[in-house]
Amino acid sequence: MSATVSFEVTSPLGPQTVTLSYARVGRGEPLLLLHGIGHHRQAWDPVVDILATEREVIAVDLPGFGASPSLPAGLAHDLPTMNAALGALCEALELDRPHVAGNSLGGLLALELGRERLVRSVTALSPAGFWTLAERRYAFTVLTGMRRIAERMPLSLVQRLSRSAAGRAVLTSTIYARPGRRSPEAVVAETLALAGATGFTETLRAGATVQFTDDVPDIPVTVAWGARDRLLVPRQGVRAKRTIPGARLVRLPGCGHVPMNDDPALVARVILDGSR
């Protein structure tokens, strides 16, 4: 069941109210799930039921994505603001230093929360921020192209393509190594989510100068990378390991940039092992 929560975040214009949509399920230590740019919390659906057997899982739509509205005037879609918003979210939901797992943009945000000591452990799946300039330009070009296609493609065509494995590959092979495994309904929903993401442009713009350069000591960190990631290439995982020497670096065979659907059992195991 989805719900919403509202809380205040400080801005140059004074306190601003932020509202986020989330789903909460399971029992155990809290685990916060953060999706990537242009996606929505349903990206985690393939692994939520597995995780919920051992964790209380809170999957969030980030500001301007999924069912969450964009941040109000005076709040930028940048890392300091997102840190503040996610910290306030945890307070509002009474999550005492949850574990956190994130994918892509969500992986970067998870590492930021770890650096700020707001969480118990971090699992980052193909996190942003470990790119070279050329790799970042490539990724942003691909993401912008995906967004434009999603905005311009008629819903009837999206629905028609989603009905076949080949069509789902056309729509999602950039992020999934095994797009045929994604359900037609999920592919339609995430294409619409990308097209309707009000926070996409501002979030992408804020990421243009982002580079994650700090260690995250004293808490468990896992960095996992899909071996078939076509958006953020796997060698970025090696750079992440150099930046965070204590991190556990895990290779995800047969997985793309969004690995949760490519191999749910493996990804769930990596997250659970990393959040002990």
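Which residues does UniProt list for "domain: AB hydrolase-1"? The UniProt entry, which is unreviewed, gives residues 31–269. What I am showing today is a predicted model, so please take every value as computed from that model. Over the span 31–269, helix makes up 44% and strand 13%. The C-alpha atoms at the two ends of that span lie 14 Å apart.

I will start with the open space. The largest pocket has a volume of about 430 Å³. Its lining consists of 25 residues. Those lying nearest the centre of the pocket are Met146, Leu171, Thr172, Ile175 and Leu194. Three elements give two or more residues to this lining: helix H4, at 133–152, helix H6, at 165–172, and helix H7, at 184–195. Which helix gives the most? That is H4, with 5 residues. Sorted by class, the pocket lining has 13 nonpolar residues, 11 polar and 1 charged.

Now to H6, one of those pocket helices. Its buried residues are Gly167, Arg168, Leu171 and Thr172. Why do they fall on the same side of H6? Because the arc they cover around the axis is only 115 degrees. Two of these buried residues, Leu171 and Thr172, are also among those nearest the centre of the pocket. On the face turned away from the buried side, H6 carries Ala166 and Val170, which are exposed. The cover over the buried residues of H6 includes helix H5, at 155–162, and H7.

Next, the enclosed space. How many cavities of 30 Å³ or more are there? The count comes to 1, and the volume of the largest cavity is about 280 Å³. This cavity is lined by 23 residues, with Ile37, Leu105, Leu108, Thr203 and Gly207 nearest its centre. At least two lining residues each come from helix H2, at 79–92, helix H3, at 105–115, H4, and helix H8, at 200–206. H4 therefore turns up twice, since it supplies residues to the cavity lining and also gives residues to the pocket lining. By class, the cavity lining divides into 18 nonpolar, 4 polar and 1 charged.

H3 deserves a slide of its own. Is H3 largely enclosed or largely open? It is largely enclosed by the rest of the structure, because 10 of its 11 residues are buried. The buried set includes Leu105 and Leu108, both named a moment ago as nearest the cavity centre. Glu112 is also buried, as are Gly106, Gly107 and Gly114. What covers the buried residues of H3? The cover includes strands E3, at 29–34, E5, at 99–103, E6, at 122–125, and E7, at 221–226, together with helices H2 and H8. Just after H3, arginine 117 takes a positive phi of about 60 degrees.

Last, a single residue on the outside. Alanine 73 sits in the loop between strand E4, at 55–60, and H2. Is alanine 73 buried or exposed? Its relative accessibility is 57%, so it counts as exposed; the cut-off for that is over 50%. Leaving aside residues up to four places away in sequence, alanine 73 touches Leu13 and Gln16. Its C-alpha atom is 9.6 Å from that of proline 12, which is 61 residues away along the chain.

Definitions and conventions: Residues are numbered from 1 along each chain as its sequence is written. This is a predicted model: local features need pLDDT of at least 70, side-chain atom pairs count only at pLDDT 80 or more; totals for chains, interfaces and linings use all residues. Side-chain values use heavy atoms; hydrogens and water are left out. UniProt positions are given in the numbering used here, feature names are shortened, and annotations may be inferred rather than shown by experiment. Helices (H or I, at least four residues) and strands (E, at least two) are DSSP runs, numbered from the N terminus. On a 1 Å grid over the protein atoms alone, a cavity is a set of points where a 1.4 Å probe fits but cannot get out, and a pocket is an open set with protein on both sides within 12 Å along at least five of seven lines; lining residues have an atom within 4 Å of a point. Grid points are joined across faces, edges and corners, and a volume is the space filled by probe spheres set on the points. Ala, Val, Leu, Ile, Met, Phe, Trp, Tyr, Cys and Pro count as nonpolar, Asp, Glu, Lys and Arg as charged, and the others, Gly among them, as polar. Buried means under 20% relative accessible area, exposed over 50%, partly exposed in between (1.4 Å probe, protein chains only). The arc is that of the directions from the helix axis to the C-beta atoms. Contact means heavy atoms within 4.5 Å.
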